[in-house]
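Visitor: Could you take me in for a close look at one part of this protein, and tell me what sits around it? Informal is fine; I'd just like to see how the pieces fit together.

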Amino acid sequence: MTTPLPKDIMQARQLPLIALKNTVLFPKIVMPIIIQRPKSVAALDFARQSDQLVFFATQKNIEDDVTADDLYPVGTIGRIISVFKLPDGSSKVDVEGLLRARAVDLAEHDELFLVNAQPFSLERPVDELEEQALMRRIIEQFRTISEMRSFPAILPEVIYLMSQVRDPEQIISLVSANLNLDFKDQQKVLETRSTKESLELLNAFLSRELDILEAEKNLAKETKRRVGKMQKELFLREQLKSIEKELGMDDDQAEFDVLKKKITAAGMPKTVQDKALKELSRLAKMPPFSPEVSYLRTYLDWLVELPWSQKSKEKLDLKEAEKVLNQDHYGLVKAKERILEYLAVKKQTNKLKGPILCFVGPPGVGKTSIGQSIARALGRTFVRVSLGGLRDEAEIRGHRRTYVGALPGRIIQGIHTAKVANPVFMLDEIDKVGMDFRGDPSSALLEALDPEQNHVFSDHYLEVPFDLSDVFFIATANTLETIPPALRDRMEVIEFPGYSEQEKAKIAEQFLIPKLLKDHGLTKKAVAVKIDGIREIIARYTREAGVRDVERQLATILRKVTRKLVESPSTKAVTVGRTQVAKYLGPEVFSEQLAEAKDEVGVVTALSWTPYGGEINAVEVTRMPGKGQLVLTGQLGNVMKESAQTALSYARANVAKRGIKEEHNKHDIHIHLPSGAIRKDGPSAGIALTTALISMLTERPVRKDVAMTGEVTLRGKVLPIGGLKEKVLAAHRAGIKTIAMPATNAKDLLDIPKEVRQKMKFVPVK
C-alpha cells in the first residue's frame with residue numbers, strides 16, 4: 001500500500017538526481033534499483049537526510065560518467081521506501097514513483113546532481129468513453145501477450161492487478177514497466193502529456209509485440225515440420241543402406257564420392273587440396289586389403305577435419321575484455337596491459353599476426369589460468385598442451401607417415417581439437433622440454449613460434465604447410481634459464497613475480513573462497529571465513545610466491561567444516577576467524593618473527609632467487625685455529641664459491657687498512673649456508689658474504705632485521721642483480737624491515753607492490 005503524497009508535491013522544488021541506465025521509473029509503481037555510482041550514492045544520502053524524494057532521469061547512453069546533456073529532461077519524482085546495503089558496497093533501493101516532472105534547471109556539483117524539478121500531471125480527455133475503450137483494448141492485449149510469451153514471463157499478479165485498477169495512469173505505468181520495452185520507447189510514453197496519447201502509444205507497442213510473438217510461433221511450427229522431414233529422410237537412407245547391403249552392392253565408390261565432397265568443402269588452400277585429391281585417387285586404385293589403405297584413409301581424415309578456414313569470431317571490445325580479465329584475476333597488471341594493447345592494435349589495423357607471449361614465474365601465480373581468461377576475453381577457443389618432460393622432436397613436428405601409428409605433432413593435434421584456426425594456444429611448462437638422441441623439441445618449436453615463419457608451419461605427418469599466424473601462442477615457464485636463447489628470442493617475456501600477503505588475502509577472499517565453497521557444496525551463510533582468518537593462514541601456515549598452498553589450507557578447513565555441518569545438523573553456520581584457524585590446521589608452521597632471533601657476529605640474512613619465488617638464507621661465518629684455509633659448506637656452486645673468495649679478499653684488505661691485525665696463518669675461516677641439501681649458486685650473495693666476514697673479523701654484530709642482496713667486486717663495488725621483486729616479497733613474508741640493495745636496482749622498486757614498499761626501508765648501496 002502506497003503512502004499518501006505530500007500536500008505540496010505539485011510545487012517545483014530542488015531535488016537530488018539519480019541517473020538510471022536502460023530503465024525508466026514510472027509513477028504509481030514500486031521498483032527496485034541498485035545504487036553504486038558515487039554521485040548516485042551521494043544523491044541517495046542527500047534524500048534520506050531530507051524528505052526521501054529523488055528525481056530519477058534516464059540516461060541516453062550507458063556510460064558511467066554522465067553530464068546534463070546525457071540525461072532525458074523528463075523523469076519521475078520518486079520516494080525512497082527502503083535501503084538495503086549489499087556486500088560489494090552498493091545498495092538495493094526500493095523506490096515508489098510519484099509524479100512525472102521536467103528538469104527545469106540542473107546543477108552539477110562535485111558529489112551529486114541537483115535539479116529544479118517541475119511536476120506535471122497527465123491531461124484527461126473530455127470523452128471518457130474513448131479512454132475506457134483504449135484501456136480495455138490494452139488490458140486484453142496485455143493478457144494475450146502474457147499467455148503467449150514464456151520469457152520474460154509476466155507475473156499473474158500483474159494481470160490481476162490491472163483488471164482491478166481503474167486509474168489510467170497506473171495502467172499506463174504497469175504496462176510500460178512489464179512489457180519489456182526498449183528504454184527509449186518507455187521514455188516516449190513517460191514524456192506524453194495526456195492519458196489518451198499514452199494509451200494510443202501503448203496500443204501500438206502492444207500490437208507490434210503481438211505480431212512478433214505470432215511470427216515466433218509460426219517459425220517454431222515450421223522448424224518442427226522441417227526436423228520431422230529430416231528424421232524421415234534419415235530413416236529412409238538407413239533403410240536404403242540395409243537394402244544395398246542385402247543385395248551385395250559395393251558402396252566403396254559412394255564412400256569415395258563423399259570423401260571427395262568433404263575435401264572440396266574443407267576450405268583447404270589450392271596446393272593442399274590438390275595433394276588431398278591426388279592421395280584420394282591413389283586410395284581408389286588400391287586393393288581393399290592393402291595395409292596402406294587404412295594409413296591413407298586416416299591421413300585424408302586428418303586433412304579434411306583440420307580447420308583450414310574456420311575461425312572464431314573475435315570480440316574486439318576493450319572495456320569488455322578488461323572487465324573479464326579483472327573478474328578472473330587480481331593484480332597481474334603487466335599481463336593485462338599487454339593483452340589490451342594487442343586488442344587495441346588489432347582493432348585499429350584489423351590485421352595483426354598472433355603474438356607469442358611467455359609468462360614466467362613461480363608455480364601458483366596464475367600463469368595458466370590467465371590464458372583461459374584471455375581466450376574468454378577474446379571470444380576464442382582455448383587449447384592447452386603440456387610440454388613438461390617432452391624429449392622427442394616428433395611430438396612437436398609429428399611422425400613421418402612411413403612409421404606405424406604415425407600421428408601429427410602436438411601443435412597440429414591442438415588445432416584439430418580446437419576446430420578453429422585461431423585459438424589461444426597455451427604451451428605449458430616450456431622450460432621443462434628435454435633433449436636426447438631423439439632430437440631437440442625446443443628447436444622444433446622455433447618455426448611454430450616465429451611470426452615470420454609460422455604461416456607455413458610444416459608438420460612431418462601432414463607434409464603440407466599449415467598457417468599458424470592467427471594462433472595466439474602463450475608459453476609458461478618457471479624460469480628462463482633452461483629455455484634456449486634462440487627460442488627465448490622469439491617470445492615476449494612477461495614476468496609473474498609472486499604476490500604480497502595483501503594480494504594473497506584479496507585473491508583468497510575474492511576468488512579462492514567462492515570457488516571452494518561451491519566445490520564443497522557450501523554457501524556464504526553456512527560458512528563465513530573472515531579476513532583476519534585468511535591473513536592468519538597466509539602468515540603462519542604458508543611460505544610461497546603463489547596461492548596454491550593457501551588454497552590447500554582453505555580446502556582443509558572447509559572439509560572439516562563440511563564434516564561438522566553434516567554430523568551436526570543443528571549447526572546452521574560456522575565462522576572461521578583468526579582464533580579458529582589453529583583449531584582446524586593445528587600448530588602454526590611458520591612464525592612472523594625475523595629470520596634471526598638476535599643480532600650476532602658473523603651472521604647475515606641474504607636474499608636469493610629460485611624458480612619458485614624468493615627465499616631468505618642465513619650466511620654464517622666463523623674462524624678457528626688452523627693454517628689460513630677457507631672452508632665452504634652448504635652445497636655452493638662455482639659462482640658462489642668465487643663470490644666467497646672475492647668477499648674474503650676484500651674483507652681482509654679493508655680490515656687491515658683499519659688497523660685491525662689478523663694472523664692469517666693461524667686461523668681457518670668457515671663460511672656456511674644452512675639447508676645444505678639444497679644447491680645454491682649465483683653472485684647476489686656477495687655483499688652478505690662480505691658483511692658477514694667483516695663482522696667476524698671486527699667482532700661487530702650485524703642487525704637481525706636487515707637483509708642484503710648484491711654482487712661485490714674485488715674493489716668493493718656493488719653490481720646489480722636480478723629478481724629483486726621476488727627477493728623483497730620473500731623478505732616481507734619473513735618480517736624483514738630493511739633491505740640493502742644495489743643502487744642501480746632502484747628502478748626495479750616500481751614493480752614492488754605499494755603496500756610492501758611502504759612497510760619496508762630500502763638502502764641503495766654502491
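Guide: Two residues count as being in contact when they have heavy atoms within 4.5 Å of each other. Keep in mind that what you have on screen is a predicted model.

Let's use that contact rule on Asp 532, which belongs to helix α18, residues 531-541. Skip its neighbours within four places in sequence, and Asp 532 touches Gly 577 and Arg 578. Thr 579 is 47 residues away from Asp 532 along the chain, yet their C-alpha atoms are 9.0 Å apart. Asp 532 has a relative accessibility of 32%, and since buried means under 20% and exposed over 50%, it counts as partly exposed.

Helix α18 also leads us to a neighbour, because it is one of the elements that the buried residues of α19 pack against. The others are α17 (501-519), β14 (527-529), β15 (574-576) and α20 (578-585). Helix α19 runs over residues 548-567 and reaches 29 Å from its first C-alpha to its last, close to the expected 28 Å. Its buried residues include Val 550, Leu 554, Ile 557, Leu 558, Val 561 and Leu 565, with Gln 553 and Thr 562 also among them.

Now for the part I'd like to dwell on: helix α21. This helix covers residues 638-657, 20 in number, and its end-to-end C-alpha distance of 29 Å is close to the 28 Å expected. Which of its residues are buried? They are Met 640, Ser 643, Ala 644, Ala 647, Leu 648, Ala 651, Arg 652 and Val 655. If you look down the axis of α21, these buried residues fall within an arc of 160 degrees, so they line one face of the helix. The general rule behind such a pattern is that an α-helix has 3.6 residues a turn, so residues three or four places apart point the same way. Turned away from the buried side of α21 are the exposed residues Asn 638, Glu 642 and Lys 657.

What does the buried side pack against? The partners of the buried residues of α21 are strand β18 (630-633), strand β19 (667-672) and helix α22 (686-698). Follow the chain out of α21 and you meet Arg 658, in the loop that leads to β19. At 71% relative accessible area, Arg 658 is exposed. Arg 658 and Thr 698 are 40 residues apart in sequence, with 9.7 Å between their C-alpha atoms.

Helices α21 and α22 turn up together again in the second largest pocket, which has a volume of about 770 Å³. Two or more lining residues come from each of α21, α22, β20 (706-708), β23 (738-742) and β24 (761-765). The biggest contributor is α22, with six residues. In total, 26 residues line this pocket, and Ile 687, Thr 690, Thr 691, Ile 694 and Met 708 lie nearest its centre. By character, the lining splits into 14 nonpolar, seven polar and five charged residues.

Conventions: Residues numbered from 1 in each chain as written. Predicted model: local features only at pLDDT ≥ 70, side-chain atom pairs only at ≥ 80, totals over all residues. Heavy atoms only, no water. Helix = DSSP H or I, 4+ residues; strand = E, 2+ residues; numbered from the N terminus. Expected span 1.5 Å × (residues − 1). Buried < 20%, exposed > 50% of the residue type's maximum accessible area, 1.4 Å probe, protein only. Arc of directions from axis to C-beta. 1 Å grid on protein atoms, 1.4 Å probe; cavity = no way out; pocket = protein on both sides within 12 Å on 5 of 7 lines; lining within 4 Å. Points joined across faces, edges and corners; volume = space filled by probe spheres on them. Nonpolar A, V, L, I, M, F, W, Y, C, P; charged D, E, K, R; others polar.
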